[in-house]
Amino acid sequence: PKPRQQRVDARGAVSFKYDGTKTRLDRLNQHASAKIRFPKHREGPLETVLINTAGGLTGGDQLNWDLTLGQGAQVVSTTQACEKSYKSNMGPAKVVTSIRLEQDSALNWLPQETILYNGSCLHRHFDVQMESGSSLLAIESIVLGREAMGETPENIELRDFWRVKRGRSLVFADNIHLTNQSKSRAQLGNNRVVTSMVFIPSENDQDHLNRLASRLRQTCTIQSSGFSAFSGKLTGRILTPDSYQLRKVLGPIVEVLSGASLPQVWRI
């Protein structure tokens, strides 16, 4: 029998509180390769950087992130670098993100891209529990293969499950299943990057959401993109040939939706 290989089994958990003047760290727990850092920031939401010191994920790895925002807390969460999903020979790598937003809290979830290497298998779950008055902006991007290395994506599998609840009601759900066969003209065409986003504001103002969707359509110069406002939320999907083209439009999109710029680590 083959010797059992060491696998990543990591968890990072953090909670925040609002003390009446600013958002502060409340509790922090870090296990194995999951690390969380808080760079110095200007006025505005507290910036949180998630780090996987294992350098990537492969089959059998498990990575969990837990974030809790107390009443009134405002946080921007990102990652130190692009996450990498390497070739898998022991089943899928799994990433589970659990987020709780208490009353009047606000989270911008803006991780850098996840790169799927040839032969990778990644299953992700993104679960958010929102309470009244809270708001969420979540943007995730997937890169298929390394174009600079001349890779043609092969034997790639991604299963991505998003679930967002406000109180007991499911307000957003999205399932993505990508394989190397998905890169066809009828689906992704010549694009290598798939970006998904959802914006759920604290108040259900449909007219305001319609105006935001219209601004995004004017702001986003990518032809393969679409934005829809309905039932108190705004959703979007963007397809780009590479990360460079994506990053050119993400900054203006985030600014339109939250009035803020991309996290500082995106520009390092």
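Which order do the strands of the open sheet of seven strands have? Select β2, β1, β5, β8, β11, β13 and β14: they lie in the order β2-β1-β5-β8-β11-β13-β14, and the pairing is mixed. Strands count as paired if DSSP finds at least two bridges between them. Strands (E, at least two residues) and helices (H or I, at least four) are DSSP runs numbered from the N terminus.

The model is predicted, with local features needing pLDDT of at least 70 and side-chain atom pairs counting only at pLDDT 80 or more, while totals for chains, interfaces and linings use all residues. Residues are numbered from 1 along each chain as its sequence is written, and side-chain values use heavy atoms, with hydrogens and water left out.

**The sheet**

Go to the edges of the sheet. These are β2 (23-31) and β14, each of which pairs on one side only. From one strand to the next the twist averages 10°, taken between axes that are lines fitted to C-alpha atoms (for helices over the stretch in contact), with angles running from 0 to 180 degrees between N-to-C directions.

Next, select β11 (121-130). Seven of its 10 residues are buried (under 20% relative accessible area, with exposed meaning over 50% and partly exposed in between, for a 1.4 Å probe and protein chains only), so β11 is largely enclosed by the rest of the structure. On one side, β11 runs parallel to β8, joined by nine bridges; L101 stands opposite M130 in β11. β11 also pairs with β13 in the parallel sense, over 10 bridges. Two positions to pick out here are H125, opposite F161 in β13, and F126, whose bridge partner in β13 is W162.

**The aromatic cluster**

Keep F126 and W162 selected and add W109 and F172: W109, F126, W162 and F172 form one aromatic cluster. Rings of Phe, Tyr and Trp (its six-membered ring) pair if their centres lie within 6.5 Å; planes under 30 degrees apart are stacked, over 60 edge-to-face, and the rest tilted. By this rule there are five aromatic pairs.

One of them is W109 with F126, a tilted pair at 5.7 Å centre to centre with 40° between the planes. W109 is in strand β9 (residues 106-109) and F126 in strand β11, so the pair ties together parts 17 residues apart in sequence. W109 is buried at 4% relative accessibility, and F126 is buried with a relative accessible area of 3%. Now look at W162 and F172: their ring centres are 6.2 Å apart and their planes stand at 70°, so this pair is edge-to-face. The pair links distant parts of the chain, with W162 in strand β13 and F172 in strand β14 (residues 169-179), 10 residues apart. Both W162 and F172 are buried.

**The cavity**

W162 also leads to the largest cavity, whose lining is R124, E140, I142, D160, W162, I176, V194 and S196. The elements that give two or more residues to this lining are β12 (135-144), β13 and β15 (193-200). On a 1 Å grid over the protein atoms alone, a cavity is a set of points where a 1.4 Å probe fits but cannot get out; a pocket is an open set with protein on both sides within 12 Å along at least five of seven lines; lining residues have an atom within 4 Å of a point. One cavity of 30 Å³ or more is counted. The volume of the largest cavity is about 40 Å³, a volume being the space filled by probe spheres set on the points, which are joined across faces, edges and corners. Its lining divides into four nonpolar residues, one polar and three charged. Ala, Val, Leu, Ile, Met, Phe, Trp, Tyr, Cys and Pro count as nonpolar, Asp, Glu, Lys and Arg as charged, and the others, Gly among them, as polar.

**The largest pocket**

Select L63, W65, T79, E83 and T114, which lie nearest the centre of the largest pocket among its 29 lining residues. β4 (46-52), β5 (62-69), β7 (83-85), β8 (93-101), β11 and β13 (157-166) each give two or more residues to the lining. The largest share, four residues, comes from β11. The pocket has a volume of about 410 Å³, and its lining holds 13 nonpolar, 10 polar and six charged residues.

**Last stop**

Finish at T221, in the loop between α1 (206-219) and β16 (225-230). T221 is exposed, with a relative accessible area of 67%. Its C-alpha atom is separated by 15 Å from that of E255, 34 residues apart along the chain.
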